[in-house]
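Subject: Structure handover

Hi,

Here is the structure I promised to pass on. Please open it first, then read my notes below.

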Amino acid sequence: MKWTTIWMDLFGTTSMLGINMGFWVAMAAVLLIVIGMNAVFWGMKPKQNR
């Protein structure tokens, strides 16, 4: 499957701001991972001391 061809058919370009779309896809994946990790971290309850 050629992602570049699919992207080109949908949006008509393979770059944004002069940077390849692979970079933006990787940045989006990292952003989702960071948001997920923050959601898990901030959702944890503090450990209770006895």
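The notes below cover the pocket, the first helix, and a few single residues.

Please keep in mind that this is a predicted model.

**Pocket**

I began with the largest pocket. Its volume is about 160 Å³. The lining consists of Trp-3, Thr-4, Trp-7, Thr-14, Asn-20, Met-21, Gly-22 and Val-25. Two elements each give two or more residues to that lining: helix H1 (3-11) and helix H2 (21-43). What is the chemical make-up of the lining, by nonpolar, polar and charged residues? Four are nonpolar and four are polar. No charged residue takes part.

**Helix H1**

Is H1 largely in the open or largely buried? H1 has nine residues, and the number buried is zero, so the helix lies largely in the open. A residue counts as buried under 20% relative accessible area, and as exposed over 50%.

Two residues of H1 show how this plays out. Thr-4 sits in the helix and also belongs to the pocket lining. Thr-4 is exposed, because its relative accessible area is 52%. Ile-6 is in H1 too. At 33% relative accessibility, Ile-6 is therefore partly exposed.

There is also a nonpolar patch on the surface. Trp-3, Ile-6, Trp-7, Leu-10 and Phe-11 make it, and it covers about 580 Å². Trp-3 and Trp-7 turn up in the pocket lining as well.

Have a look at the residue just after H1. Gly-12 is found there, with a positive phi of about 80 degrees.

**Strands and the loop**

Asn-20 is another lining residue of the pocket. Its place is in strand E2 (residues 19-20). Asn-20 has a relative accessible area of 53%, so it counts as exposed.

Gly-18 lies in the loop that runs between strand E1 (15-16) and E2. With a relative accessible area of 73%, Gly-18 is exposed.

**Distances**

Three C-alpha separations may help you find your way around:

- Thr-4 to Ser-15: 10.0 Å, with the two 11 residues apart along the chain.
- Trp-3 to Asn-20: 12 Å, with the two 17 residues apart along the chain.
- Gly-18 to Asn-38: 30 Å, with the two 20 residues apart along the chain.

In the second pair, both Trp-3 and Asn-20 line the largest pocket.

That is what I have for now.

Best wishes

Terms used
Residues are numbered from 1 along each chain as its sequence is written. This is a predicted model: local features need pLDDT of at least 70, side-chain atom pairs count only at pLDDT 80 or more; totals for chains, interfaces and linings use all residues. Side-chain values use heavy atoms; hydrogens and water are left out. On a 1 Å grid over the protein atoms alone, a cavity is a set of points where a 1.4 Å probe fits but cannot get out, and a pocket is an open set with protein on both sides within 12 Å along at least five of seven lines; lining residues have an atom within 4 Å of a point. Grid points are joined across faces, edges and corners, and a volume is the space filled by probe spheres set on the points. Helices (H or I, at least four residues) and strands (E, at least two) are DSSP runs, numbered from the N terminus. Ala, Val, Leu, Ile, Met, Phe, Trp, Tyr, Cys and Pro count as nonpolar, Asp, Glu, Lys and Arg as charged, and the others, Gly among them, as polar. Patches are made of residues with over 30% relative accessible area and no salt bridge: like charges are joined within 9 Å, nonpolar side chains (Val, Leu, Ile, Met, Phe, Trp, Tyr) within 5 Å. Accessible areas come from the Shrake-Rupley method with a 1.4 Å probe; for residues, only the protein chains shown count as cover. A salt bridge is a side-chain nitrogen of Lys or Arg within 4 Å of a carboxyl oxygen of Asp or Glu. Buried means under 20% relative accessible area, exposed over 50%, partly exposed in between (1.4 Å probe, protein chains only).
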